[in-house]
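Colleague: I have just opened this model and would like to go through it with you. Can we take it one question at a time?

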Amino acid sequence: MKIAYIAPYNTVGTLNLWKKAHNDRGNECIFITLCQTNEQYNPGICLNLPLIKPHFLYIQGRHLYYKLVRSKEGNYRHHTGFPPKWYPNSIIEKYYFDLRDWLWSFKVEPMIEKLKLLDYDIFHFEWGLEFYRDGRFVEKLYNLNKPIICTYHGTDLRSRGVIPKIDKMSTLNLTSELDLMEKHPNLQYLFLPFETSKYVPLYEIKNKIRICHSPRNRLYKGSDKIISICQILEKTHNIEFILIENKTHEETLKIKQSCDILIDQIDNMGGWGYGMNSIEGLSMGLCCMTELVPEYESFIPDHPFINVNRKTLHNTLISLIENPQKIIEHKHKSREWVIKYHDLNNVADNLYNYYESIGVL
């Protein structure tokens, strides 16, 4: 089979993992991105299109626009609906996407022809997006009876909503975000994949316990509270706190691997539980802390996380610091659990089961 992934960008490095998983099964796989990430993940076949960029100024500008046309929450407002649906918020926004589709077509159409993209067998659309906001490429695939798979990752469904035309023609919808299961009537769960074998965990504790926090968005992660508590503990309990921000992915992994405890998030502003940040930490054998709602606790009852919130984080950290054996116990649990649920081969098996369920295999 020939499998193609199309994504705005390689958000947390999963696209190259999927390519490897498909290649290992004897299939051909490519992934096409619209632009490069700040963290310098492998962009695959990158089109470097204009008017899209995961840059602070671009994101902040979009947020300010949505504050004007939607509500004071701007880009952080959650859409309602089952599923939530995207429509232009103004005539200006409609013209913007019409203009962008027209501009992009001068790069996209020659690429489709050059790669013979229409000859591929399965199409994955990350974030439920294709090249064009008007869904013309997906419509072409639909008319050719190609399987269309959309994967939603969080804000794409919470704050934007599905593109109605694309959603109507999708064959299968996937997510690794448990809270999104309540936002779409036809969404299937798939654990995020990771090459757990890349890391050899170190189970001993550093002489000075090292605690890290690596937010992509401070508001979503509850970072201000996490930072404040850890800075206090640096003074009272002789720990070292490392805030990992504005680094390449390679730099982030190197720093993270030198730590003992990872604090992922509190408050669940950007979704429930955990994501690739924690999966990397679990694979390295870190003791991982995050806030888990009761629904997540029920979904993964054997999880290795230490469940915290803004009220319990301070005291829970003190308990760990004063009882380092607890940290070591969680380090061992982390490694065992992440292999069971997130190892690339195991997750790929589940994806191929979904393929079979829609008649692809």
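Modeller: Sure, and let's start with a word we'll need: a residue is called buried when its relative accessible area is under 20%. Keep in mind that this is a predicted model.

Colleague: Okay, then how many residues of strand β5 are buried?

Modeller: Strand β5 covers residues 148-152. I148, C150 and Y152 point one way from it, while I149 and T151 point the other way. Both groups are buried. The strand is largely enclosed by the rest of the structure, because the count of buried residues is 5 of the 5.

Colleague: Which residue of β5 is the bridge partner of F123?

Modeller: Look at strand β4, residues 122-126, which pairs with β5 in the parallel sense over 4 bridges. Between these two strands the chain passes through helix α4, residues 136-143, and the β-α-β crossover is right-handed. For F123, the partner in β5 is I148.

Colleague: And which residue of β6 is the bridge partner of C150?

Modeller: β5 also runs parallel to β6, joined to it by 4 bridges. Find C150 in β5, and its partner in β6 is N173.

Colleague: Is T171 buried, partly exposed or exposed?

Modeller: T171 sits in the loop between α6 (164-169) and β6. Setting aside neighbours within four places in sequence, T171 is in contact with K146, P147, I148 and I358. Its relative accessible area is 38%. Buried would need under 20% and exposed over 50%, so the label that fits is partly exposed.

Colleague: How far apart in space are T171 and D264, C-alpha to C-alpha?

Modeller: Along the sequence, these two are 93 residues apart. In space, going from C-alpha to C-alpha, the distance is 33 Å.

Colleague: Now the inside: which helix gives the largest share of the largest nonpolar core?

Modeller: That core has 49 residues, and Y5, W18, Y274, Y296 and Y355 have the most contacts inside it. Several elements supply at least two residues each, including β1 (2-7), α1 (14-24), α13 (324-342) and α14 (344-357). The largest share is 7 residues, and the helix supplying it is α14.

Colleague: How many residues are in the other core, the one with Y9 and F131?

Modeller: This core lies apart from the largest one. Y120 and L141 are also among its residues. Its total is 37 residues.

Key: Residues are numbered from 1 along each chain as its sequence is written. This is a predicted model: local features need pLDDT of at least 70, side-chain atom pairs count only at pLDDT 80 or more; totals for chains, interfaces and linings use all residues. Side-chain values use heavy atoms; hydrogens and water are left out. A nonpolar core is a set of buried Ala, Val, Leu, Ile, Met, Phe, Trp, Tyr and Cys residues joined through side-chain atoms within 4.5 Å. Buried means under 20% relative accessible area, exposed over 50%, partly exposed in between (1.4 Å probe, protein chains only). Two strands pair if DSSP finds at least two bridges between them. A crossover is right-handed if, with the strands pointing away from the viewer, the path from the first strand over the helix to the second runs clockwise. Contact means heavy atoms within 4.5 Å.
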